[in-house]
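I opened my notebook to get to know a structure I had not met before. Come along and look things up with me.

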Amino acid sequence: MNHATPELAAALSTMLDRIDATLRQNSYQGPPIIMYLAGGMAVNYYCGTRVTRDVDASFSRRMALDYNDLIVDFVDATGKPTQLFFDTTYSPTLGPMHEDYEDDSREWVGIGNEQRVVRLRVLAPVDVGVSKLGRFEGNDRGDILALAARGYFTAAEFRRRAEASASYFVGNVRRLQNTIDIVCKDIDDLGLVQASTPGVKQPSS
């Protein structure tokens, strides 16, 4: 399941180390704090596609962090120096999100969770997709299709989760429903193309 780009995963691990250091330096003695990963980084984890430079995530506790300290320099797979940073504008309340998204998230095994106070979990693939319906710009549509192409959800499964999530959403709900219809048609069309292409193996999770 973990298809994350190694260079990007290493940079994210460094960011987690810095968050962990801040907690320990300030004598945090409570239970582990969960960091819920969404956005392009979550898509990269599940699909290995679209290398991103920003981290969209929320925490199980309110956090006081120096976000300038969370800018991580690294070299990408092409040899280009770049940076990974924490997106301070991200919030799970600014788009549709199922009420069970935290419970249904999955631990990122192998990134050193057992060594830190902060533990990384990745939103379930369908919740990553649903979260992208609110903005639905730029790479969002392609990210949803990338997850569907990997076999993480069907159009029917996506619709059920998205419409359940929409029931907790206020605002331009009509636009959201139209977007759900567009995405489900995209996923259905994707399945038709895969089924009609000789030699193409159907994806699985």
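These entries go from confidence to the sheet, then to the helices, the core and a few single residues.

**Entry 1: confidence**

I checked first what kind of model this is, and it is a predicted one. The chain has an average pLDDT of 92, and 93% of the residues score at least 70. I then looked for a weak stretch and found residues 200-205, where pLDDT stays under 50. The model has 13 contacts beyond four places in sequence for that stretch. Where pLDDT is low, predicted coordinates should not be read in detail, so I left those contacts alone.

**Entry 2: the sheet**

In what order do the six strands of the open sheet lie? I read β3-β4-β2-β1-β6-β5, and the pairing is mixed. The edges are β3 (72-75) and β5 (106-107), each of which pairs on one side only.

Next I followed the pairs. Strands β1 (residues 33-38) and β2 (residues 54-59) run antiparallel and are joined by four bridges. One bridge I picked out takes A38 to its partner D56 in β2. On to β2 and β4: these pair in the parallel sense, over two bridges, and D54 stands opposite F85 in β4.

β3 and β4 pair in the antiparallel sense over four bridges, with Q83 in β4 as the bridge partner of D73. These two strands form a hairpin with five residues between them. I noted G79 in the turn, which has a positive phi of about 90°.

Which residues of β4 are on its covered face, and which on its uncovered one? T82, L84 and F86 are on the covered face, while P81, Q83 and F85 are on the uncovered face. I recalled that side chains in a regular strand alternate between the two faces of the sheet.

**Entry 3: helices and the core**

I turned to the largest nonpolar core and found 60 residues in it. Among those with the most contacts inside it are L12, I19, W108 and F158. Helix α1 (residues 6-25) gives the most to this core, eight residues.

I also looked at F158 by itself. Beyond four places in sequence, F158 touches nine residues' worth of names I jotted down in part, including V126, V130, L133, I144 and I187.

I144 sits in helix α4 (residues 140-149), where D140, D143, I144, A146, L147 and A148 are buried. After α4 comes G151, with a positive phi near 85°.

**Entry 4: two single residues**

Is D127 buried or exposed? D127 has 0% relative accessibility, so this residue counts as buried. I placed D127 in helix α3 (residues 125-131). Its side chain makes a polar contact of 2.8 Å with the side chain of R161. Leaving aside neighbours within four places in sequence, D127 is in contact with M97, H98, Y101, D104 and R161.

Then I tried V109, in the loop between β5 and β6. V109 counts as exposed because its relative accessible area is 60%, and the cut-off for exposed is over 50%. How far apart in space are V109 and L120? They are 8.6 Å apart, C-alpha to C-alpha, and 11 residues apart in sequence.

Key:
Residues are numbered from 1 along each chain as its sequence is written. This is a predicted model: local features need pLDDT of at least 70, side-chain atom pairs count only at pLDDT 80 or more; totals for chains, interfaces and linings use all residues. Side-chain values use heavy atoms; hydrogens and water are left out. A nonpolar core is a set of buried Ala, Val, Leu, Ile, Met, Phe, Trp, Tyr and Cys residues joined through side-chain atoms within 4.5 Å. Buried means under 20% relative accessible area, exposed over 50%, partly exposed in between (1.4 Å probe, protein chains only). Contact means heavy atoms within 4.5 Å. pLDDT is the predictor's confidence in each residue, from 0 to 100. Two strands pair if DSSP finds at least two bridges between them. A polar contact is a pair of N or O atoms within 3.5 Å; within protein, one must be able to donate a hydrogen and the other to accept it, and residues adjacent in sequence count only if both atoms are side-chain atoms.
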